[in-house]
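Could you walk me through this structure while I have it open in my viewer? I would like to know what to select next and what I will find there.

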Amino acid sequence: MQRLNAELRVIAWSAQARRLARELNPLVASPSAPREPVAALDALGPSLMPRTARLQGIAMGLSVLGTRATTGLVETLTRTAVPADAPLPAQLAARAALGGAGAVLAAVPERDGQKLWVASVRSTGRLLRDGAAGGAVHDLGRFLQRRYPTRHATRPLAVGALSTAGLLYRASRRLAAREPVVDRSSLPTSMLPGALATSLGVTAAGMGLARGFARSRGALESYFGPGRSKHVLARLVNAGLWAAAASAAYSAGVAYVGRANQKLEGGYGIPPTSPLVSGSPDSLLPYADLGQQGRRFVTDVVTPELIGEVMGEEAVAHPIRAYVGFNSEPLYQTGRAELALAELGRTGAFDRSHLLLISPTGTGWVDHTLIEAAELLTRGDIATCCIQYARYPSFLSVQKVALGRGQFRLLLWGVKQRLEGCPPERRPRVLVFGESLGAWTSSDVIMYQGIEGFDHYGIDRALWVGLPWLAKWSRSGMIRGSHTLVPSGTVGVFDRHEQLAALEDEQRARMRAVILSHDNDPIAVFGPDLIVQRPQWLADGQRGRGVPDAMRWLPLITFVQTATDAMNAMLSAPGEFASFGHDYRADMARFVRDAYDLPASESQLERIEQLLRSLELERAQRIKADHPHAAPPAPAHRSGDDTMRAGVPFRSRQPLGARLRRREGRQPSGRQIDT
């Protein structure tokens, strides 16, 4: 009896081992199994940004899920023609017919400016062809497995182990080839286990959701009973329940993120005292209502003392900063814009020479390097105004674009009406800035007017940074200056400052909108068209700076790669500026000078860039601080006796301006831009 039990246990373990071996065998596990390793390896290929192990695993997992979905559609078409138990020749004939049809569609010529539906037909053909080929490999593997069965798991385990080892080897080679492609640290091969673990987790989660959806649908069909109409009703109810659950989970997550973005940071616990900024005792807007980003905005204002030390000349005025937070919304939709106009009037903003209107990102964030550079370059003779329209990351705030666009339009129109009552010689220059989602909301205001919209709203110049592909201004062709509403030379798109500096003074003076968009910024190129169409920025001979030469377009895979790159686009560290991806801090000071036509010498710009790094390092310490005294105070909160004056740590009492001016005297001065 004991011997019989032992034999039964051995048989059971052998059966489980064979089952595991079949699952590990990339040829016979499922019709999509032959293509899944290829998709995972393709996801490891070069792309726009370096990735962590987690992001690489997400890209691999999503690519595998996409492959399973497309192969499932091909399998449905195949089983419509022949059943699963049909002879092998019949199944291979059906696969060949589908693959041949796919090959014909995939052979549709690719041309510049081709319609999206034509590209969709070509990509559908490629997926159909590849799915049929993978299914044929699976059918042959299953046939050989049935033709030459084995009682032991040794052979299938060996095949599965060899296949897995080969795939891991190929993956490590792919990663090794990927590393030198990007200037920054890429995913080292030692992180491959973490990427594979994340990939398996993403795949398991996706398949779990798919199985849960199918099981709930089957349960509802059983509950409603037989009949075609009842089955349709059951499927509609099932889809509605899952959509409601997804919506509830999304709303809960967004609410949690929104609350986190409103918390009071220790380094920003003291309200400003200057009446020239929002949140002060004289302000119409309470400090607590400004939110996390608003409190940083009004606290880190540059002081006249700091302007004088850096620019080497006396400041004209103390900069004005007005910020309307998300929590400041009254009962009617136009309330935030009216509050912003009232706050601008209270601070005397309309008496300044420059009025900078900003649309923030989804969280309400504005690049501080932009504001600080503008305040320094204008010698403090500037008022900056920003209205928050959401408090979530930009990818969760896309549904708020219409609200942000409407608020910014009301602000522009209100400013235009207010300035109509001022003499022309006393009106400030109205400047516009937006970055990322803020560039989308602000540029869409004049979408249907083009450059004429600048005159309609009284805008002198605009600087848009990291403009998303989804923005209407981008998709209409205005970003390339190819639209009828954009006269030649009035809009310029640049990857780096050297391109803008190469223009003649007359060309820069003619320009009304400057768009700074890195060639390898995933947010600026990410769109649904990547699923089915090769973009221009991946065409031979048209790749820009930072776009790897080894990167190639693949249906669905490139879309997944660019999506994960967009999640990692802002590779930044405090004080370490770089002109890369969605990080525009290294470009900001020079683009602010030239886009807004503000005077500054090369030596002044160098000092500004040095100061911007120092201020950002201190800001990072204030953000992490537990209480106001645990971090360096903001420039406006410092006294004249502080050893850290105006945001720059000194080893001596010698003013920064004197030291930098002495250094400037030993160096040739840069060019001066005339206003």
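Here is a tour in short stops, starting with confidence and moving on to the sheet, some helices and a few single residues.

**Stop 1: colour by confidence**

Before selecting anything, keep in mind that this is a predicted model. Colour the protein chain by pLDDT: the mean is 82, and 81% of the residues reach 70 or more. Which strands mark the lowest and highest confidence? Strand 9 (residues 648-649) has the lowest, with a mean of 38, while strand 2 has the highest, at 97.

Now select residues 641-675, where pLDDT stays under 50. The model has 64 contacts beyond four places in sequence for this stretch. Residues 178-187 also stay under 50, and for them the model has 31 such contacts beyond four places in sequence.

**Stop 2: the sheet**

Next, show the strands as a cartoon. You will find an open sheet of 7 strands, paired in parallel, in the order 1-3-2-4-5-7-6. Its edges are strand 1 (320-324) and strand 6 (491-494), each of which pairs on one side only. Going from one strand to the next, the twist averages 15°.

Add helix 13 (residues 401-420), which packs on the sheet and touches strand 2, strand 3 (382-387) and strand 4. The direction of helix 13 makes about 165° with that of strand 2. Then add helix 21 (residues 585-595), lying across strand 4, strand 5, strand 6 and strand 7 (513-516). Helix 21 runs at about 160° to strand 5.

**Stop 3: strand 4 and its partners**

Select residues 429-435, which form strand 4. Why is strand 4 described as largely enclosed by the rest of the structure? Buried here means under 20% relative accessible area, and 6 of the 7 residues of strand 4 are buried, so the rest of the structure largely encloses this strand.

Now show the partners of strand 4. Strand 2 (residues 354-359) runs parallel to strand 4 and is joined to it by 6 bridges. For a landmark in this pairing, pick Leu 355, which stands opposite Val 430 in strand 4. Strand 5 (residues 461-465) also pairs with strand 4 in the parallel sense, over 5 bridges. Here the landmark is Glu 435, opposite Val 465 in strand 5. If you turn on side chains, one rule helps: in a regular strand they alternate between the two faces of the sheet.

Step on to Ser 436, in the loop between strand 4 and helix 14 (437-443). Ser 436 is not a glycine, yet its phi is positive, near 60°. Is Ser 436 buried or exposed? With a relative accessible area of 8%, Ser 436 is buried.

**Stop 4: two covered helices**

Select helix 12 (residues 368-377): 10 of its 10 residues are buried, so the helix is largely enclosed by the rest of the structure. The buried residues of helix 12 include charged-letter picks to click on, such as Glu 372 and Glu 375, along with His 368 and Thr 369. After helix 12 comes Arg 379, with a positive phi near 60°.

Compare helix 10 (residues 304-311), which is mostly covered, with 6 of its 8 residues buried. Those residues are Leu 306, Ile 307, Gly 308, Glu 309, Val 310 and Met 311. Just after helix 10, click on Gly 312, where phi is positive at about 75°.

**Stop 5: helices 2 and 3**

Show helix 2 (residues 36-43) together with helix 3: their axes come within 8 Å and cross at roughly 145°. This crossing is right-handed. Helix 2 contributes Glu 36, Ala 39, Ala 40 and Ala 43 to the contact, and the helix 3 residues include Gln 56, Met 60, Val 64 and Arg 68.

Stay in helix 3 (residues 53-81) and select Thr 78. Thr 78 is buried, with a relative accessible area of 0%. What does the side chain of Thr 78 make a polar contact with? The partner is the side chain of Arg 95, at 3.4 Å. Leaving out residues up to four places away in sequence, Thr 78 touches Ala 94, Arg 95 and Leu 98.

**Last stop: a loop residue**

Finish at Leu 556, in the loop between helix 19 (522-525) and helix 20 (557-567). Leu 556 is not a glycine, but it has a positive phi of about 70°.

Terms used
Residues numbered from 1 in each chain as written. Predicted model: local features only at pLDDT ≥ 70, side-chain atom pairs only at ≥ 80, totals over all residues. Heavy atoms only, no water. Buried < 20%, exposed > 50% of the residue type's maximum accessible area, 1.4 Å probe, protein only. Helix = DSSP H or I, 4+ residues; strand = E, 2+ residues; numbered from the N terminus. Pairing = 2+ DSSP bridges. pLDDT = per-residue confidence, 0-100. Contact = heavy atoms within 4.5 Å. Polar contact = N/O pair within 3.5 Å; in protein donor to acceptor, adjacent residues only side chain to side chain. Axes fitted to C-alpha atoms, helices over the stretch in contact; angles between N-to-C directions. Left-handed = near helix turned anticlockwise from the far one by under 90°.
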